[in-house]
Amino acid sequence: MSSDDDDDNNKPLITISGQRSLVLSGQLSQAIVRDLPQEGVEWQRSYGRSSKIVYLEAKLVPFDDKYLAAEINDMQQLLSRPLLYTFWTDCSDLDTYKTQTRDEVSQWLAKMTSRGISDWFIVHLDNGSDKKSGAVGVINKTKLLPSIKTSSTVLDKLRNDFPLVKSNPDRTVSLLDTTIAGATGKTDSKTQESYQQFMCRLRSLLLSSYSRQLLRYEDFIRTQRESRNQPNWNFFHFFGLQEQLAFAFEMLSLYDEALVQYDELDALFSQFVINSNSGPIPEWLTRLSTNYDIWHGLCLSASVSKSLRRQFFTTTATVDGNDTTTTTTTSTHNKTLIELRNYLFARQSELLLLLNKPWELASRALPFLQNCFNELNILEITMTPGGMACWVFLSALEILHKCERYSDSSQMESYLRHTVGLWSYARNKLAELGTLCGLMPGQTMTSEHLHRVVNLIAGMGDDPRLGEVPPSPQERLKEALSGQESFLKHYMEISELTMGTYKHIGRMRFARLIGKELAELYIKMGKPQKAMSFLLDLEKVYVREKWPHLLNEIRVLLLKCYEMVGDSRRVFKVQCQLAANELIAGDQRLNYCLESERLLKTLQHQPNNNTNTGTNNNHNRHNSDLSMMSSSSSSSAVGPICIAMDELFEVQSMRLLALDGHYTVANRRLELSLELINNFPKDIHCDKVVITLIYEDLSSNMTTTANKHRSTTITGGGCPHMDEIIDVKSRNNLLKATANLKPEVETFHTSISVGVKCNNTGKLLIRRSDSHGFVLQDKEPMVPEYTDAFVATDVLLRPGVNDIRLKYSTKMTGTFQLDQIVLNWDANASIVGTDVRHHHQCFSVITEAPTLKVLQLTTLDGLTSDILCGVEQSIELQLNCGSSSFPARTPLTIRASHGLRLRLETDVTADDLRDEVTFVLPATLEPFQKYEIPLIIKSQLLPQKDDNSVRHELTMSWPALSVNNINNSPVGTNSRSPSVPTIRLVNVQFHLMPPFIVTHRLHTCECRKFVEIIVQCVSKRPIVVSEPRLTVPNDFADNDRLHLIAYVPKNDSCVVHHTQTVHYVWELVGQNPLDRTLVVANKLLFKLQYKLFDDPLAVNWQQFMFDLKFLTNYHTLYTIAANIEPQNGTEFCRAGALCHLNVAISRLQATDDHKSIMYEIVSDQTLWNVCGKTAGVVTIDGPQDKYEVRFDVMPLISGFLPYPTVRLSKYINRNTDSNNVATATAPVVQPPPPPPDQLMNGIGEAKLVAFDVGQVYNWSRATQVHVLPSSGLIVPEVQ
């Protein structure tokens, strides 16, 4: 049976009743079958499932009564059964309808009703002409119109005569015969519209019937599945039933739904196999559990799948009376589980490819192969050794070839992630076959192996893809099993393809594991050069990721490779690494160590080969490099062996001894303590242990940098010059490369693995850039060239921790950092360690000039205090030696600035303070040592108006020849010549605070004058003041006429604390107290005794003198008296009412500098409103010496209001001659003056001059008047 016949058998049937020749014998049936699947129909599914667009196919067959029997008796058959029963007629005459057509329709509907069939369809075919004409001619329009009306009448008669037809109007349709219309040469739009309506109605009814049949069949399948635990239940029978449902979905183009059916069958079968492991095995499964010796590979071909289905399921016909039923039976004789699995996976693959999902096919492949292998083990099915491996290899390659035909380049990444597992599985099975058949290196093929190869090839069966290009999987396997050379060719090809695929998708570990297996294979083949590339790659990964057990395995293989090529240098290296590994047994470690020592003694110098033995993607180039390396290993010697120290010795700690603050000077011997762990199982004698130093010249900023870092606290052994040592450019690049980066982590889940992947590992990890990518650069480290280093000789390193003391003598200034450790094991071998900069051990050899510092005072209560002027106090002068040394008995001289005197506190013989002191050092001062010198100082206290500090300076000098300088330092040294003074100087400036400040004020009470002296303490330490005195200087001519009356106790002392003040008051009087004319004294002398309150050195009182200076004339010239009174008739002042401001100006003394004065009222505009004039000019001359004036003022608010201010100024008229001024007995009032602002600015002919302090006295100053609220008004009141 052809595949087309199988497809036709699976299509649903549409039966034709009535006039069958109208459909089956003409072109109408072909048009219906062709056009039915051209348009999709929306399928509204039940149970809340989403709707889908389906495409229907059907087969038109004549009606037969056997189909009616199948509606009742055959529920197990879904395919090749009628889904729609149709009745066709072209009756256009009512008489014919009554005599013939009505009876036919009645009998047909009776059969449908008796079988319970509701899926029927009546089609009236309108041919558009009289059938009795017998010839096809031009259609007469006059005859066409009655025929259309008649046909409509026939349908109406059908609906009226049959209630079933009337109740289902959508199941009757009238169709214009398109064949006759085409014969006449006219196919109008009405004919096409009629045909399209018919096809839409046919699709709708067919889909409705299909939906009901599928629902019934799904319920039937569900019932069959629920009875799977019954003894007579057969999986293959159920398989055939559910597969019909899959075929139905496939016919509807619902490939995903069809795939679900096969997935359910797959899961159900797997569950039966798993359950059989712990329970009884069903009978149908027992037939598959027999041993067999055939293993046909998977073939994803439609013809092979259908052939397998015909072998499993056979179709038979059963006749029961007049009914004939078609049933599907199963036949499992001589069938195997592998063939069942092949068929099931082939059907799944076919549907997946129809869904355009080749990557999902690849993802299902590996679990399918592994699951089938496990099911054979569960069922304890035995096969010929190698048979299962053949089946896996053939099936894997078949799937891979199929996927490659459908793979899309845009989805290659996803595709490769699934196919790489198949390549790896096929590679493993090919290796298994090679071992069984004696085809692996190191094996010899015997007759037994040949017999096994013959059996394996026979079990494969016939090749269904024989002669195809490229070669089929079976042809490739047969060729691989034909001989060892051919086998290795195919095995290497698949291995490289698998490894390359792993690398392409980023699974580097899998690729390297394959490389390890290839390396072992190359070792067996005697090709160690090719094996080394893979082993070195793995060694790098295991070292970086810290897999010590796996690393030992790789190094054992590397040792074997190096021994095979005769590379003694690398043999020594690997032996040392294995001997220092604690995970290896002790006797093996000792053996490796002894072997390395014997090799070192007998080893001649071999070339220090730095040829890269790594690999890259080009293996041919790499193999040539390895060949050159092996050939060069036997050439002449050029240097000793150098190996890395990383795993042989470990630096536990290192620290610089006897180093103060990580600084030192030249020509000094430094010592370094190094704790080194020896991982070897025995003692190692080293000729020399060296730690090299990195030198950096401090250049011109050495002294500045040293001072800056010496004032910085250094913790954790850090280097103060670390920022200068590290390459700034490289550090910035590193920070830019890793800044603001976060790992992009995602999880992946495939059929063979589950894990976490970081997508930006290359950005997060800073790796070395080289031409060979991730391959280890297997080259010997270089012994660094050095001029400065810590060195220890003749060192015995015992297993465990060793304390080594290394020494170094400083020679030049600069910064030195510990760089690299080198252990000279022997003259032929050196162990070079990685850099030790991460220990942050460094020191600086610097030149620093001596410095002075004045230490801040501390009081008895532990608080800091300022240094004060005018009192003796003890300070400490600190000498910082810097990089210089001061021998004992060096004379030092300390000189003070002007106004400052001092003496040594330890000099008890000195009674007075001097400008400078000289003393000798009692002991030698080492570099960077600090020496404190106690001093007693006193500075002159001068009068000042504020609390600003006073700056003084101390200078120390000493002979320059007594200092040991660093003459070889490039910078910072004081090189001397005959023109340079032999005395070295260093100075320090410091500030002294005044203990107190003194200010004075002059106060007036009419004609009486008072002087106020204010003493304010600005020191944090309290002071004691006593005996304040104010006197007239002796050089004043009239000192006998001026007397001072003190209003303070004469001998009472007072303690003044910080921010407190003391006030002293004296009155100036003449000889006659009644005489208002005082003698003017423009200078007075104030004296005060003081001392510190809590200073033990403050035994004697100190005297403070202050000259008070006044103006030349401070006598009272004028007095002002003001009074506010209400208007006449009122008793009190009220807000808003006018009041009178009476001002009386009296002259006490006459002066020659002015004749007139100006008065003006200045008031607060929120309190008072001055009505009328506010100023005037008056000349007070004559016997009365008094002038009175009245102003009208209005209080704006109530309360106690201060008087408006009356201000007097000197009025000097430039153009007025003194002779023209009237000398009346009463004061003369001048015309109103210009505005005061113009007068003050000199605009106009007169000017105003303010009176000096004390010349005008106001009796009414600060006087207030009580203002009552206004009657009936609400105004604010001021209290």
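Begin by selecting helix H16 (residues 387-406) together with helix H19 (residues 473-480); the axes of H16 and H19 come within 9 Å and cross at roughly 135°. This angle makes H16 oblique to H19. The crossing of the two helices is right-handed. To see the contact itself, display the side chains of Cys390, Phe393, Leu394, Leu397, Glu398 and His401 on H16, and those of Pro473, Gln474, Arg476 and Leu477 on H19. By character, the residues of this contact divide into six nonpolar, two polar and two charged. Please keep in mind throughout the tour that the model on the screen is predicted.

**The whole protein**

Next, zoom out and show the protein as a cartoon. Its secondary structure comes to 31 helices and 53 strands. If the 1279 residues are coloured by burial, 47% of them count as buried. Among the contacts with a separation of 6 or more, 75% are accounted for by residues 24 or more positions apart.

**Aromatic pairs**

Now turn to the aromatic rings, for which a search of the whole structure finds 43 pairs. Select tyrosine 217 and phenylalanine 220: their ring centres are 6.2 Å apart and their planes stand at 45°, so this pair is tilted. The two residues belong to helix H9 (residues 189-226), where, being three residues apart, they are separated by about one helical turn. Are tyrosine 217 and phenylalanine 220 buried or exposed? Both of them are buried.

For a second pair, move to phenylalanine 1010 and tyrosine 1047, which are also tilted, with 6.3 Å from centre to centre and 50° between the planes. Phenylalanine 1010 is found in strand S33 (residues 1008-1017), while tyrosine 1047 occupies the loop between strand S35 (1043-1046) and strand S36 (1054-1056); the pair therefore ties together parts that are 37 residues apart in sequence. With a relative accessible area of 16%, phenylalanine 1010 is buried. Tyrosine 1047, by contrast, has a relative accessible area of 46% and is partly exposed.

**Glutamine 224 and an aromatic cluster**

Return to helix H9 and select glutamine 224, which lies in that helix. Its relative accessible area is 18%, and glutamine 224 is therefore buried. Which residues does glutamine 224 contact, leaving aside its neighbours within four places in sequence? They are Trp233, Phe238 and Leu241. Trp233 and Phe238 lead directly to the next selection, as both are members of one aromatic cluster. To display the cluster in full, select Trp233, Phe235, Phe236, Phe238, Phe239, Phe269, Phe272, Trp284 and Tyr343.

**Proline 1022**

For the last stop, follow the chain to the loop between S33 and strand S34 (1023-1031), where proline 1022 is found. Proline 1022 has a relative accessible area of 12% and is thus buried. Show its surroundings: not counting residues up to four places away in sequence, proline 1022 touches Val1055, Val1056, His1057, Leu1092, Phe1093 and Asp1094. Two of these, Val1055 and Val1056, fall within strand S36 (1054-1056). Finally, add proline 995 to the selection and draw a distance from C-alpha to C-alpha: proline 1022 and proline 995 are 8.5 Å apart in space, although 27 residues apart in sequence.

How values were computed
Residues are numbered from 1 along each chain as its sequence is written. This is a predicted model: local features need pLDDT of at least 70, side-chain atom pairs count only at pLDDT 80 or more; totals for chains, interfaces and linings use all residues. Side-chain values use heavy atoms; hydrogens and water are left out. Axes are lines fitted to C-alpha atoms, for helices over the stretch in contact, and angles run from 0 to 180 degrees between N-to-C directions. Helices (H or I, at least four residues) and strands (E, at least two) are DSSP runs, numbered from the N terminus. Angles under 35 degrees count as roughly parallel, over 145 as roughly antiparallel, 65 to 115 as roughly perpendicular and the rest as oblique. A crossing is left-handed if the near helix is turned anticlockwise from the far one by less than a right angle, and right-handed if clockwise. Contact means heavy atoms within 4.5 Å. Ala, Val, Leu, Ile, Met, Phe, Trp, Tyr, Cys and Pro count as nonpolar, Asp, Glu, Lys and Arg as charged, and the others, Gly among them, as polar. Rings of Phe, Tyr and Trp (its six-membered ring) pair if their centres lie within 6.5 Å; planes under 30 degrees apart count as stacked, over 60 as edge-to-face and the rest as tilted. Buried means under 20% relative accessible area, exposed over 50%, partly exposed in between (1.4 Å probe, protein chains only).
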